[in-house]
Amino acid sequence: MAEPIIAQKAPYEVDVESGKEYWWCACGASKKQPFCDGSHKGTGMTPMQYMAAASQKVWFCGCKRTASKPTCDGTHKRI
């Protein structure tokens, strides 16, 4: 897989909990977006760990093209 699959052209809004670890899907194939379900196996891509520093809303990238992985930077607006 050369490029990740675009899961959606918008970010995923998620309420994260302080101190909790999250694994963001980088390949776009997960059925549990925006998080990894193991679908990346064999793609050469791996999920990215996100550690929540505070309990808050986080917008995880859905297009998988963000420069600020794993959070949205607005790249989906140009796809």
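Modeller: A salt bridge is taken here as a side-chain nitrogen of Lys or Arg within 4 Å of a carboxyl oxygen of Asp or Glu. The model is predicted, so local features need pLDDT of at least 70 and side-chain atom pairs count only at pLDDT 80 or more, while totals for chains, interfaces and linings use all residues. Residues are numbered from 1 along each chain as its sequence is written, and side-chain values use heavy atoms, with hydrogens and water left out.

Colleague: Which residues are linked in a network of salt bridges?

Modeller: The side chains of K57 and E13 meet at 3.3 Å, N to O, and this pair joins strand 4 to strand 1 across 44 residues (strands being DSSP runs of E, at least two residues, numbered from the N terminus). D15 also forms a salt bridge with K57, the closest N and O atoms being 3.0 Å apart. The linked residues are therefore E13, D15 and K57.

Colleague: Is D15 buried or exposed?

Modeller: Buried means under 20% relative accessible area, exposed over 50% and partly exposed in between, with a 1.4 Å probe and protein chains only. K57, at 40%, is partly exposed, and E13, at 49%, is partly exposed as well. D15 has a relative accessibility of 54% and so counts as exposed.

Colleague: How many residues apart in sequence are the parts that the pair of E3 and R65 ties together?

Modeller: The side chains of E3 and R65 meet in a salt bridge of 3.1 Å, N to O. Because E3 lies in the segment before strand 1 and R65 in the segment after strand 4, the separation in sequence is 62 residues.

Colleague: How many degrees lie between the planes of the aromatic pair Y22 and Y50?

Modeller: Rings of Phe, Tyr and Trp (its six-membered ring) pair if their centres lie within 6.5 Å, with planes under 30 degrees apart stacked, over 60 edge-to-face and the rest tilted. By this rule there are 4 aromatic pairs. In one of them, Y22 and Y50 are tilted, 6.5 Å centre to centre, with an angle between the planes of 55 degrees.

Colleague: Which strand supplies the largest share of the largest nonpolar core?

Modeller: A nonpolar core is a set of buried Ala, Val, Leu, Ile, Met, Phe, Trp, Tyr and Cys residues joined through side-chain atoms within 4.5 Å. The largest has 13 residues, and those with the most contacts inside it are V14, V16, Y22, Y50 and F60. Strand 1, strand 2 and strand 4 each supply at least two of its residues, and the largest share, 3 residues, comes from strand 1.

Notes:
Helix = DSSP H or I, 4+ residues; strand = E, 2+ residues; numbered from the N terminus.
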